[in-house]
Amino acid sequence: MLDIQITKTEYIEFLKYYYFKRNLVTRLILPVGLTLLFSNNISRGTHNFQVQFLFYFLIVGIIFYSFFFLIPYLIAAKRLSKQFDRENIDYQLLESEEGIKLTTANKESFAYWKEIKSINSYNNFIYLILFSNKIILVPKSVFQFSNEYKIFLKSTEKEILAARAKGPNHLYAKGWLGLIPLFGGFVGIWLITQGAFKYKDRKLILIGVAALTFTVLIYGSLIYFTKDKLNNKDLYISSRQMYMNSLVRNIEFYKVQQGEYPDSLPQLLTQAENNSNHPPLFYSKDGPLNAELYYKKINAHYTLFFSGPDRIPYTEDDVLPQINTLDIPTGFVKSTQ
């Protein structure tokens with residue numbers, strides 16, 4: 001039997017290590033990867049992609065940081081406060097053939113070997129992690145001899161591994177792999193089959209369903225957003241081409257009336273206001289599309305285009321009028337900037 005005394009401050013400091021510093025680089029791979037995936041998908045095709053990407057990366061990053069790091073820490077700290085209401089935490093730990101018994105001033109609890117996920121060492125402590133995410137902290141100072149804690153560590157690990165081979169508990173942690181899109185879906189299917197046919201374990205089946213559902217939701221949202229943006233892109237191009245086709249007719253009518261092309265599109269407004277025979281004008285200098293529309297008179301010709309879905313002019317996705325569909329000769333030339 002081990003008589004253990006730990007201050008609540010020491011316990012909290014260990015929790016900070018466990019949730020914020022332990023294997024930090026490895027544990028950051030998944031949340032950072034998911035943050036990049038979501039941010040890129042949400043920002044794709046938007047105006048000022050870099051700014052939007054950084055904004056969403058910050059927001060989504062905070063969400064995933066809270067989910068993977070902050071919330072588990074707060075839950076563990078709150079659980080500790082409920083379990084121990086004094087500054088000093090006193091309890092006794094006794095190993096048996098079936099597991100570990102913990103005795104405090106208020107109650108007794110028992111953890112079977114199959115309920116213990118792992119045992120590890122950090123600085124002056126040995127800590128056991130249960131599948132329920134409960135942490136049992138054992139100071140190395142409670143052992144009389146320098147190598148006694150190593151014997152305890154090795155023998156306890158042996159019992160955990162032996163129990164793991166008999167039950168499905170060791171597979172519960174595999175559910176976290178379900179947070180990896182696509183791969184997690186296959187993990188989910190595997191966990192469901194293991195729980196249904198091999199172990200007859202409902203909890204393992206539910207973990208597998210959750211892992212599979214996460215992949216379905218991720219790829220479903222990707223398909224939805226991608227399809228939505230493609231549709232918006234097509235609508236953007238088609239509507240602006242119709243807009244410009246109408247403008248080209250107005251520009252050519254202006255030349256017939258004035259003998260030259262307008263220096264700027266607002267001159268079309270004056271022409272339309274002063275001439276009742278002017279065709280309907282599909283242009284407004286204060287309209288919402290004006291900022292994306294570019295017109296320039298080039299000697300006896302002119303160039304006209306909309307900036308494309310990237311909202312950046314003079315790029316490959318610029319939207320040009322469909323001159324070949326018009327039934328009139330035009331002075332339109334493609335811009336070379």
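Modeller: Let's begin with a term: a nonpolar core is a set of buried Ala, Val, Leu, Ile, Met, Phe, Trp, Tyr and Cys residues joined through side-chain atoms within 4.5 Å. Keep in mind that this is a predicted model.

Colleague: Okay, so which residues touch the most other members in the largest nonpolar core?

Modeller: L93, I135 and V138 do, in a core of 37 residues.

Colleague: Let's take one of those. What does V138 touch, leaving out residues up to four places away in sequence?

Modeller: Its partners are L2, I4, Y91, L93, N124, F125, I126, L128 and F143. Notice that L93, another of the residues with the most core contacts, is on that list.

Colleague: And what lies apart from that core?

Modeller: Another core, of 18 residues, which include Y236, I251, L265 and F332.

Colleague: Now the strands. How do β2 and β3 pair, parallel or antiparallel?

Modeller: Antiparallel, over four bridges; β2 covers residues 88-95 and β3 covers residues 99-103. To find the register by eye, start from E95, which stands opposite I100 in β3. The two strands form a hairpin, with three residues between them.

Colleague: Then which strand does β3 pair with over five bridges?

Modeller: That's β4, residues 108-112, and the sense is antiparallel here too. L102 stands opposite S109 in β4. This pair also forms a hairpin, with four residues between β3 and β4.

Colleague: Let's move to the surface. Which residues make the nonpolar patch of about 350 Å²?

Modeller: L24, L28, V32, L36 and F57 make it. Helix α2, residues 24-43, gives the largest share, four residues.

Colleague: Take V32, which sits in helix α2. Why is V32 called partly exposed?

Modeller: The label goes to anything between the two limits, buried being under 20% relative accessible area and exposed over 50%. V32 has a relative accessible area of 37%, so V32 is partly exposed.

Colleague: How does D310 come out by that reading?

Modeller: D310 is partly exposed as well, because its relative accessible area is 25%. You'll find D310 in the segment after β9, which spans 301-306.

Colleague: One more on D310: how far is D310 from R44, in sequence and in space?

Modeller: Read the two separations side by side. D310 and R44 are 266 residues apart in sequence, while in space the C-alpha to C-alpha distance is 9.2 Å.

Notes: Residues numbered from 1 in each chain as written. Predicted model: local features only at pLDDT ≥ 70, side-chain atom pairs only at ≥ 80, totals over all residues. Heavy atoms only, no water. Pairing = 2+ DSSP bridges. Buried < 20%, exposed > 50% of the residue type's maximum accessible area, 1.4 Å probe, protein only. Contact = heavy atoms within 4.5 Å. Patch = residues over 30% accessible without salt bridge, like charges linked within 9 Å, V, L, I, M, F, W, Y side chains within 5 Å. Areas by Shrake-Rupley, 256 points an atom, 1.4 Å probe, with all protein chains shown as cover. Salt bridge = Lys/Arg side-chain N within 4 Å of Asp/Glu carboxyl O.
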